[in-house]
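Open the structure in your viewer and keep the selection tool at hand. Each stop below says what to select and what is there.

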Amino acid sequence: SFLFPPPEVTITYRHGLPVITLTLPTRSERCQFTVKPVVTTVGAFLRDVQREDKGIEKAEVFATDGSKVSDATLMEVLLMNDFKLVINNTAYSASPPVKEKLSSEHATEMEDIKSLVHRLFVALHSEDHQIRKERELLQKLDHLKEELLPLEQMKARIMDSADAKTSRLLWAGLALMSTQGGALAWLTWWVYSWDIMEPVTYFITYGSAMAFYAYFVLTKQDYIYPDAKDRQFLHYFYRKSKNQHFNVERYNKLKEDLAEAEESLRRLRQPLRLRLPIQEIKDKD
């Protein structure tokens, strides 16, 4: 069982930081320990106490209900409630000041310290992480561009071929329509009369309307010349791609990955340009 002498552990706040004062058992003198509650753990605090007094063989912290407090617990959490500091089987009661009763000046100082610690962490680690991430993205971009280069060249050749075939088809359609118009004019004025040719032209017009309606039934699109041209171009393009073993899905996936990597790099460089020195930014560009 633990012995409970009069409380010899006092906790006060100085410049926003808790100061724990206790009597060292073998040296019989009061000693103050200033802790940083947001970074110091219970285990680190106990090790500091043992280093100060080599006669301390064992030091532990217990909650008021008798449960042991883990060494990994932050001092900020420990100082929220009363606790017992056990040194060489002697227990000392500790009652931290109630947080709400701290002066506004102390509370402001604590918030300032927390903010400072956060800013220091960001300044020391965030920039290195962003630069490392930027290098990874640049390497990924180079790799994607190397994979895309032969595919881009093959795609350009296929597109040129499909565009040429589509253009020839359009000119062939114009030639057929011109031939049809010339034939109808020749039959109307030189071979037959308009009375004979009128029903022929009617059925040709009706047949053309049926052809346009059939196009709509098959494609679910109106027969609009630019759309029909694009549709025919894609038909030639995919047929040529299949013959030349051009993987359209892989090409589209690489293009999507490239666009995503470029966007990630653009967003990553915005905070870098705000934080890096001017000379380093110029070197990167």
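Which residues have the most contacts inside the largest nonpolar core? Select L22, F45 and V61: these have the most contacts inside that core, which has 25 residues. Keep in mind that the model is predicted.

Now colour the elements that build this core. At least two of its residues come from each of β1 (10-14), β2 (17-24), β3 (29-34), α1 (42-52), β4, α2 (75-78), β5 and β6 (90-94). Helix α1 gives the largest share, four residues. In soluble globular proteins, nonpolar side chains tend to be buried together.

**Stop 1: V61 and its strand**

Select V61 and show its surroundings. Leaving out residues up to four places away in sequence, V61 touches V42, L46, K68, V69, L78, F83, K84 and L85. Next select strand β4, residues 59-63. Is this strand mostly covered or mostly uncovered? Mostly covered: four of the five residues of β4 are buried. Add strand β5, residues 83-87, which runs antiparallel to β4 and is joined to it by five bridges. To see one pair, pick A59, whose bridge partner in β5 is I87.

**Stop 2: the sheet of three strands**

Select β1, β2 and β3. They form an open sheet in the order β1-β2-β3, with antiparallel pairing. Which strands are at the edges? The edge strands are β1 and β3, each of which pairs on one side only. On average, neighbouring strands in this sheet are turned by 30° against each other, direction ignored.

Look at the two pairings in turn. Five bridges hold the antiparallel pair β1 and β2, and T12 stands opposite V19 in β2. Between β2 and β3, also antiparallel, there are six bridges; here T23 stands opposite R30 in β3. The hairpin of β2 and β3 has four residues between the strands, and in it S28 takes a positive phi near 50°.

Now bring back helix α1. This helix lies across β2 and β3, and runs at about 145° to β3.

**Stop 3: a second core**

Select L144, L148, L151 and I158. These are among the 18 residues of a second, separate nonpolar core.

**Stop 4: T201**

Finally, select T201, which lies in helix α4, residues 194-219. What does the side chain of T201 reach at 2.7 Å? It reaches the backbone oxygen of E198. Apart from neighbours within four places in sequence, T201 is in contact with L184 and W194.

Technical notes
Residues are numbered from 1 along each chain as its sequence is written. This is a predicted model: local features need pLDDT of at least 70, side-chain atom pairs count only at pLDDT 80 or more; totals for chains, interfaces and linings use all residues. Side-chain values use heavy atoms; hydrogens and water are left out. Buried means under 20% relative accessible area, exposed over 50%, partly exposed in between (1.4 Å probe, protein chains only). Two strands pair if DSSP finds at least two bridges between them. A nonpolar core is a set of buried Ala, Val, Leu, Ile, Met, Phe, Trp, Tyr and Cys residues joined through side-chain atoms within 4.5 Å. Contact means heavy atoms within 4.5 Å. A polar contact is a pair of N or O atoms within 3.5 Å; within protein, one must be able to donate a hydrogen and the other to accept it, and residues adjacent in sequence count only if both atoms are side-chain atoms. Axes are lines fitted to C-alpha atoms, for helices over the stretch in contact, and angles run from 0 to 180 degrees between N-to-C directions.
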